[in-house]
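This report concerns the overall dimensions of one protein model and the surroundings of selected acidic side chains.

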Amino acid sequence: MEKNFSFQWHLTDLCNLRCQHCYQTVFNNQRDLSLDENLNILYDVVINLKKNGYDSLSINLTGGEPLISNLTYQLLDNITNDARFSLVKEVNIITNGLFIERLHPYLNNSLLKKIKISLEGPTREVNDALRGIKVFDKVIANIKLLPPEKVIFMFTLAHYNYRHLEDMVELAIKTGVKGLILERFVPLGRGKNIIEKTLNAGQWYKCLEFISQNFQMPVFELLPYKAFWIDLEKKDCYGATCNLGDESMCLMPDGVVYPCRRLPEVLGNLQAESFAKVIKRLSEYRSQFDRRNLKGKCQHCEIPECIGCRATALALEGDAFADDKQCFLSNQENSFSTS
């Protein structure tokens with residue numbers, strides 16, 4: 001079995017939007033490292049992954065808004081042309097979709113697999129309430145500039161848009177987009193100001209029920225998954241379990257490493273130390289969430305291997321070991337409250 005590592009690389013905080021649910025509070029490039037510093041970090045990651053027997057590396061480049069940073073294009077060029085980075089098998093870009101024309105020289109790059117475009121709803125009224133006036137129309141127009149097989153919508157579910165899940169799927173089909181990634185809003189950064197918009201257990205249940213009905217997957221079996229990829233080309237849906245541990249990380253603009261972007265606990269800084277030390281911490285961090293250390297009903301969960309969403313627990317309860325309040329098994333009294 002192949003051993004793979006993936007990480008989300010926030011190259012910059014710089015962004016042209018101020019989305020209400022954003023994880024950031026700063027939107028400049030003051031934390032950005034130089035190209036050489038970033039290449040040194042990547043080379044160190046690659047070398048240590050090889051030493052530990054990994055077969056491939058997948059990178060999601062994002063920000064801020066990655067397409068307004070020259071670092072994105074410089075890194076793509078170097079990863080593509082430098083044999084030192086041959087372990088990198090795919091690069092994806094997570095973007096707000098407003099600067100797609102800048103990607104045109106790279107659309108035939110075989111390493112650039114997917115362009116993941118964030119939308120918060122299937123209409124300008126729903127999306128632009130979060131992302132800003134005229135964003136929806138511009139994004140929909142820009143999608144037409146891209147090869148449809150490379151495009152995926154990123155849909156972050158919250159109180160204000162979860163009822164539009166079916167319409168989002170229809171929009172993806174209508175625009176020729178090949179997939180839709182579903183994630184849950186976690187109130188961090190600016191998002192703390194709308195913490196009350198976080199999905200409750202009943203609302204998340206309704207989302208799982210939609211997946212269950214459309215893809216013949218029992219709701220109970222969907223509970224361990226923290227995100228979903230609806231593959232419109234294959235007419236299938238795939239769940240992603242929590243990937244805390246030594247198979248993933250989040251790398252911030254200044255080299256700081258989080259176990260997950262939604263779990264902002266510093267596990268090291270690759271500008272100051274080798275990835276050899278950090279990857280051990282990633283593994284150790286995951287191991288502390290042994291079922292016996294979890295609190296409340298999560299400690300006695302009947303689903304093997306499920307540890308709930310530790311990011312949601314930390315954001316809502318201030319304790320990464322607390323109950324996952326979006327789990328309808330742990331919160332049955334609120335399971336069918338969708339108000």
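The overall fold is described before the individual residues.

The model is predicted, so that local features need pLDDT of at least 70 and side-chain atom pairs count only at pLDDT 80 or more, whereas totals for chains, interfaces and linings use all residues. Residues are numbered from 1 along each chain as its sequence is written, and side-chain values use heavy atoms, with hydrogens and water left out.

**Overall fold**

The protein comprises 9 helices and 11 strands; these are DSSP runs numbered from the N terminus, helices being H or I with at least four residues and strands E with at least two. Its radius of gyration is 19 Å, which agrees with the value near 20 Å of a compact globule of 339 residues. That radius is taken over C-alpha atoms, and the globule rule is 2.2 Å times the number of residues to the power 0.38. Along the principal axes, the C-alpha atoms fill a box of roughly 55 × 45 × 40 Å.

Of the 339 residues, 56% count as buried (under 20% relative accessible area, with a 1.4 Å probe and protein chains only). The protein exposes about 15,000 Å², of which carbon and sulfur atoms supply 48%; accessible areas come from the Shrake-Rupley method with a 1.4 Å probe. Among contacts (heavy atoms within 4.5 Å) between residues at least 6 apart in sequence, 67% join residues at least 24 apart.

**Two buried acidic residues**

Asp128 is located in helix α3, residues 124–131. Glu65 belongs to the loop between β2 (56–62) and α2 (70–81). Asp128 is buried without a salt bridge, and Glu65 is likewise buried without one. A salt bridge requires a side-chain nitrogen of Lys or Arg within 4 Å of a carboxyl oxygen of Asp or Glu. The table gives the nearest side chain of opposite charge, where Lys and Arg count as positive, Asp and Glu as negative, and His and the chain ends are not counted.

| Residue | Nearest opposite charge and distance |
|---|---|
| Asp128 | Arg124, 5.6 Å |
| Glu65 | Arg131, 6.9 Å |

The side chain of Asp128 has a polar contact of 2.9 Å with that of Asn127 and reaches the backbone nitrogen of Lys134 at 3.1 Å. A polar contact is a pair of N or O atoms within 3.5 Å; within protein, one must be able to donate a hydrogen and the other to accept it, and residues adjacent in sequence count only if both atoms are side-chain atoms. For Glu65, the side chain meets that of Thr95 in a polar contact of 2.8 Å and reaches the backbone nitrogen of Leu67 at 3.0 Å.

Not counting residues up to four places away in sequence, Asp128 touches Ile133, Lys134, Val135 and Phe136. With neighbours within four places left aside, Glu65 is in contact with residues including Thr12, Cys15, Asn96 and Phe99.

Definitions and conventions: Buried means under 20% relative accessible area, exposed over 50%, partly exposed in between (1.4 Å probe, protein chains only).
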